[in-house]
Amino acid sequence: QFPFGRRLPCDIYWHGVSFHDNNIFSGQVNKFPGMMETVRKITLSRAMRIMQDLFPLEYNFYPRSWILPEELPLFVAEVRMMKDNNPSWKPTFIVKPDGGCQGDGIYLIKDPSDIRLTGSIQSRPAVVQEYICKPLLMDKLKFDIRLYVLLKSLEPLEIYIAKDGLSRFCTEPYQEPTLKNLHQVFMHLTNYSLNIHSGNFIHSDSVNTGSKRTFSSILCRLSSRGADVKKLWSDIISLVIKTIIALTPELKVYYQSDIPAGKPGPTCFQILGFDILLMKNLKPVLLEVNANPSMRIEHEQELSPGVFENVPSPVDEEVKVAVIRDTLRLVDPQKKKRKDTHTLSEIPGPAVQQGGGVVCEGAAALHKRRCCSQALFQGLGWMDEAPASLRERWARIQGSETDPFNNPFSAALPSLCLKQVFPKYAKQFSYLRLVDRVAALFIRFLGVKGTTKLGPTAFRTFIRNCKLSNSNFSMAAVDILYIDITRRWNSMGIDHKESG
Ligand code: ADP
């Protein structure tokens, strides 16, 4: 740790909280400017709403959400209208304070009139969201999935997903929400930080039992029940790509503001934590995106009343060590040089050598667990698309892996757990990058570097150059639109640095 900064430049800077932890002019930083702001509950909901308005079917993986307090009247009106249209609809909603985490301040309601308007909501904005009442259960318990995603680059967009994640379990058997059980957090909220305080929380050294398990162990269970886990993975990949596409316009404006093109600056990458809920029908639903996912590989254990100790958590270690190790391998500044001799990191893992099929006979031993997830991934077709030349090369490298003199780079490293999904699947998603292109135009017309707002004259020029004005949309209307947008943003009390 260098709280006062380093005098010598580094290749990689690993910041604890945000991009702005230090002044940096070169190398790579593990945070993007503006990421924390962009994935806050309100900003994420707004970005998803824009995409839902443009591409309703493609973005139906995000629950219908309203921003409080400003959309309270809209929320009330829409719910009333939906209830009138469908009297049998008995919804539940979840209210989540903006910027909250670990389940802090979250509560469930049955009716918009139950929103707690006293005090906090005015000072603390929130998102109210449709509650997913029929989640997939395992051992009668609700659980969610934490998946790690590496945003390796914004321009060009490069996304990797870790092939294993965590599943965090509730500690009370799930029942659909009723007025009687709405307050039971151990039944409805999967947060580890809440459930750890339940007497039913089970610490387990095994990855497929207890209150925190690996996602691959869930996939194994589902696969043994005949579920289509290949489709589930492809739905999750598509959810991750679409979510990042929704976030990139805002991120690019921040990026341009902090690291203007042509000025010396670092490049950025970031590990994100995606929280996903599976519905009963296996449809994945995005709950939220975390800019600073916990990378702890220990958990607290109460030895005797009031006496706590940090003990290793094998499940966290299994998943998180691989994510950090592979992130460093992918951003390794020396990698480019090595690539000329070995293309190891781009080559699919050992599953290429192994037989196919899904292995599910439990995962007591570590190597067995790895086989399980690798085989699963091969079953999912992540790895079997490698061209023959790469496979041959991989086989050669594998053969030499035990001999560090033959292959000094990959000697003790397991295969990559992070798999590229973008640009690999870019073609299927390029039509969704509409707002991204608008952001590129916006940045183009910002004029002044280091700002994220267009003034009224620049806004006129922007509209004119985009050929958006016509007989129905006069320059007077453009001015009114500008005033309207500015007023709306100001009334939200949003920090003026936030992009427009
Ligand atoms: P926090 O950042 O405070 O953890 P989340 O958005 O992750 O907030 O919500 C906390 C928990 O509440 C989630 O882990 C999940 O169990 C539950 N939850 C959140 N949103 C929904 C929803 N729309 N439907 C069902 N459960 C939800």
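This is a short walk through one protein structure, from the overall fold down to a few residues.

Okay, so before anything else: what you have in front of you is a predicted model. Let's start wide. The protein has 16 helices and 17 strands. Of the 500 residues, buried ones make up 50%. On the outside, the protein exposes about 24,600 Å², and carbon and sulfur atoms supply 56% of that.

How do the contacts spread along the sequence? If you take contacts between residues at least 6 apart in sequence, 67% of them join residues at least 24 apart.

Now let's zoom in on helix H2, which covers residues 41-54. Two of its residues are worth a look. Threonine 43 sits in this helix, and isoleucine 50 has its place there too.

Take threonine 43. Is it buried or exposed? Its relative accessible area is 9%, and the cut-off for buried is under 20%, so threonine 43 counts as buried. Its side chain also has a partner: it reaches the backbone oxygen of glutamate 37 at 2.6 Å.

Isoleucine 50 is another story. Here the relative accessibility is 41%, which falls between the 20% and 50% cut-offs, so isoleucine 50 goes down as partly exposed. And it has company: Ile50, Leu54 and Leu434 form a nonpolar patch on the surface. Together those three residues have about 230 Å² of accessible area.

Next stop, helix H7, residues 215-224. This one is mostly covered, with eight of its 10 residues buried. Which ones are they? The buried residues of H7 are Phe215, Ser216, Ser217, Ile218, Leu219, Cys220, Leu222 and Ser223. Just after H7 you come to glycine 226, and there the backbone takes a positive phi of about 90°.

Since cysteine 220 is on that list, let me finish with cysteines, as I know somebody will ask. How many disulfides does the structure hold? Zero. As for where a couple of the cysteines sit, cysteine 220 has a relative accessible area of 9%, under the 20% cut-off, so it is buried. Cysteine 101, on the other hand, comes in at 44% relative accessibility; that is over 20% but not over 50%, so cysteine 101 is partly exposed.

If you want to click along in the viewer, try threonine 43 and glutamate 37 for that 2.6 Å approach, then Ile50, Leu54 and Leu434 for the patch. That's me done, thanks.

Conventions
Residues numbered from 1 in each chain as written. Predicted model: local features only at pLDDT ≥ 70, side-chain atom pairs only at ≥ 80, totals over all residues. Heavy atoms only, no water. Helix = DSSP H or I, 4+ residues; strand = E, 2+ residues; numbered from the N terminus. Buried < 20%, exposed > 50% of the residue type's maximum accessible area, 1.4 Å probe, protein only. Contact = heavy atoms within 4.5 Å. Areas by Shrake-Rupley, 256 points an atom, 1.4 Å probe, with all protein chains shown as cover. Polar contact = N/O pair within 3.5 Å; in protein donor to acceptor, adjacent residues only side chain to side chain. Disulfide = S-S within 2.5 Å. Patch = residues over 30% accessible without salt bridge, like charges linked within 9 Å, V, L, I, M, F, W, Y side chains within 5 Å. Salt bridge = Lys/Arg side-chain N within 4 Å of Asp/Glu carboxyl O.
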